[in-house]
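Biologist: I would like a close look at one part of this model. Please take me through it step by step.

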Amino acid sequence: MNAGLTEVLTTPRAFPSIELSRFISGSHDDQKRFCTEFVGALKTFGFVSLTRHGIDDVTVEEAIDWNRRFHALPVDIKLKAAHPKVAIPHRGYCYVGQEVVSNLTEQSTRHRHGSTVVDIKETFDQGLEDDQLCLNRWVDESDLPGFRSFMEAFFHICHAVHIVLLRCIEIGLELKPDTFVSRCSANTSELRLTHYPACDAETIRSGKANRISEHTDFGTLTLLFQDNVGGLEIEDQTHHGTYLPIVERRGEVIVNIGDCMQRWTNNVLVSTKHRVRLPVDYAEPRLGDRYSIAYFAKPGRDENVATLDEFISPSFPAKYGAMTAWNYFQARLNMLFV
Ligand SMILES: O=C(O)CCC(=O)C(=O)O
Ligand SMILES: [Fe+2]
């Protein structure tokens, strides 16, 4: 293990993969069983892999391809859609080093080895098309014809999956219908295209940089689509500080719990730390490009992200106080842009 780096298990531990079609088109009993398994996996790992999730492989491949094509544009074109220097509005293109994720955890990894730990990634963030508070930023249509319309449609596809998964969690936790769904009907989620450029593997191995540093996601759930390069690691909930490599499987979407869901459920569902570093047993000197897409699903901006009454009892007092989702996200995002 390198100095200052947390341990990574070399043998990937069995990580659950379940078929969402069991909920979408199954009998009432299949649905119940699915929800119990889904919530069980989320309680254990904070993460789960879903297959047969209703988004066809061609659409996911096309989304990854748009990610490649966007990031292959010359920087001066990408900067037509530049993310502002400040955190809000969280829209548009961020160049490598603009966002500092290593600021995000309590035990900040930012100054490991006496210097800033950078993330070797560039990103493009997008919200709902008619969100007046945070307007999307696009390159010109002639720079990448078809990009905007595909991405706007993909955003809605992800929203639909988010709502289905919230229903599954409501059932799995035996909550009243709409407990979560009603809090997410105003869609303020964010879709992110990430490109991790090729780099020397040693830069990552030595701990001077990550593809993305340890962090938790902010919202309700995240839907993550990856190419086949690998490198995602999640913190083992039974041994904090130890990371489990997640080996990617074709056709899956990875789902993970975000901080708002942790707050609402009083830590019944925990927002697991994760990061992207080297693929398992990687011995090559160079690391190739990697592309992923994250849909950071969020509650409506005016929703309260305090612990819900359903999760409070004399033995489990509320861990999280009142705050609007908007104020919570601003506070978290401000840590990323310094
Ligand atoms: O690229 C990945 O696999 C993970 C990305 C991620 O965790 C994030 O953007 O929050
Ligand atoms: Fe993340």
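Biologist: In which loop does Pro89 lie? Start there, then turn to the surroundings of ligand 1.

Modeller: Pro89 is in the loop between α4 (75-78) and β3 (92-94). Keep in mind that this is a predicted model. The peptide bond that runs from Ile88 to Pro89 is cis. Its omega is near -5°.

Another backbone feature belongs to Asp178. This residue is not a glycine, yet its phi is positive, at about 80°. Asp178 sits in the loop between α5 and β6 (190-196).

Now the ligand. Ligand 1 sits in the largest cavity. Three elements each give two or more residues to the shell around ligand 1: β9 (212-215), β14 (274-276) and β16 (290-296). The largest share comes from β16, with three residues.

Here is the shell by residue. Around ligand 1 are Tyr196, Ile212, His215, Asp217 and Leu224, together with His274, Val276, Arg290, Ser292 and Phe296. By class, five of the shell residues are nonpolar, three are polar and two are charged.

Next come the polar atoms. In the side chain of Tyr196, an N or O atom is 2.5 Å from an oxygen atom of ligand 1. For Ser292, a polar side-chain atom lies 2.7 Å from an oxygen atom of the ligand. The side chain of His274 has an N or O atom 3.0 Å from an oxygen atom of ligand 1. As for cover, ligand 1 taken alone exposes 290 Å². The protein buries 96% of that area.

That leaves the aromatic rings. A pair of aromatic rings is described by two values, the distance of the centres and the angle of the planes. The model has 17 aromatic pairs under the rule used here. One pair is worth working through. The ring centres of Trp66 and Phe150 are 6.4 Å apart, and the planes meet at 35°, so this pair is tilted. The cut-offs matter here: planes under 30 degrees apart would count as stacked, and over 60 as edge-to-face. Trp66 belongs to helix α3 (residues 57-71). Phe150 belongs to helix α5 (residues 147-172). The two residues are 84 residues apart, and the pair links distant parts of the chain.

Conventions:
Residues numbered from 1 in each chain as written. Chains lettered and ligands numbered in written order. Predicted model: local features only at pLDDT ≥ 70, side-chain atom pairs only at ≥ 80, totals over all residues. Heavy atoms only, no water. Near = heavy atom within 4 Å. Polar contact = N/O pair within 3.5 Å; in protein donor to acceptor, adjacent residues only side chain to side chain. Areas by Shrake-Rupley, 256 points an atom, 1.4 Å probe, with all protein chains shown as cover. 1 Å grid on protein atoms, 1.4 Å probe; cavity = no way out; pocket = protein on both sides within 12 Å on 5 of 7 lines; lining within 4 Å. Sits in = over half its atoms within 2 Å of the grid points. Helix = DSSP H or I, 4+ residues; strand = E, 2+ residues; numbered from the N terminus. Nonpolar A, V, L, I, M, F, W, Y, C, P; charged D, E, K, R; others polar. Phe/Tyr/Trp six-rings, centres within 6.5 Å; stacked < 30°, edge-to-face > 60°.
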